Amino acid sequence: MIGGVYINIIEQLYYDNLELQSVQSEMSPKLKKKLNELATAEEELMKTLDSEQKDLLQKYSEISNEFCTMSCANTFIVAVKFAMRFAHEVFVDWE
């Protein structure tokens with residue numbers, strides 16, 4: 001839709017009024033379950049560790065979270081680039 005929503009989103013993105021991280025969707029039940037399993041496993045593991053080991057696990061968790069964030073960003077960038085190439089081929093290179 002050219003005159004409606006898409007142009008508005010493009011304008012918002014251009015003027016830096018759109019924060020993609022703030023656009024959240026409902027977490028799927030499977031994802032919620034895995035998050036709960038992860039939290040439970042971490043709590044159980046923390047009970048077995050001494051202070052130094054807890055610090056090391058915390059550092060590992062922080063680095064792992066940073067990696068996941070960077071990996072998700074990279075996947076998003078690759079997907080957007082693919083979508084733009086696809087759109088270009090469909091609309092510009094059409095023979």
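**Exercise 1. How many helices and how many strands are there in the protein?**

Solution. Start with the source. This is a predicted model, in which local features need pLDDT of at least 70 and side-chain atom pairs count only at pLDDT 80 or more, while totals for chains, interfaces and linings use all residues. Residues are numbered from 1 along each chain as its sequence is written, and side-chain values use heavy atoms, with hydrogens and water left out.

Now count. The protein has 3 helices and 0 strands. Helices are DSSP runs of H or I with at least four residues, strands are runs of E with at least two, and both are numbered from the N terminus. From that end, the elements run α-α-α.

**Exercise 2. Find where confidence is lowest and where it is highest.**

Solution. Use pLDDT, the predictor's confidence in each residue, from 0 to 100. The mean for the protein is 84. Of its residues, 79% reach 70 or more. Then go by element. Helix α1 (residues 5-14) is lowest, with a mean of 66. Helix α2 is highest, at 94.

**Exercise 3. Compare the reach of helix α3 with its expected span.**

Solution. Helix α3 covers residues 51-91, which is 41 residues. The expected span is 1.5 Å times one less than the number of residues. For α3 that gives 60 Å. From first C-alpha to last, the helix reaches 60 Å, close to expectation. Look also at its start. There, a side-chain oxygen of D50 comes to within 3.1 Å of the backbone nitrogen of E52.

**Exercise 4. Trace the network of salt bridges.**

Solution. Apply the cut-off: a side-chain nitrogen of Lys or Arg within 4 Å of a carboxyl oxygen of Asp or Glu. The whole structure yields 2 salt bridges.

- Step one: K33 pairs with E37, with the closest N and O atoms 3.8 Å apart.
- Step two: E37 also pairs with K34, at 3.1 Å.
- Step three: K33, K34 and E37 are thus linked in a network.

Why can these residues meet? K33 and E37 lie 4 residues apart in helix α2 (residues 29-48), about one helical turn. E37 and K34 lie 3 residues apart in α2, again about one helical turn. An α-helix has 3.6 residues a turn, so residues three or four places apart point the same way.

Check exposure next. Buried means under 20% relative accessible area, exposed over 50%, and partly exposed in between, with a 1.4 Å probe and protein chains only. K33 is exposed at 52%. K34 is exposed at 52%. E37 is partly exposed at 37%.

**Exercise 5. Explain why C68 and C72 form no disulfide.**

Solution. A disulfide is a pair of cysteine sulfur atoms within 2.5 Å. The sulfur of C68 has its closest cysteine sulfur in C72, 6.5 Å away, so the two are too far apart for a bond. The search of the whole structure finds 0 disulfides. C68 is partly exposed at 39%, and C72 is exposed at 54%.

**Exercise 6. What share of the 95 residues is buried?**

Solution. Buried residues make up 3%.

Terms used
Polar contact = N/O pair within 3.5 Å; in protein donor to acceptor, adjacent residues only side chain to side chain.
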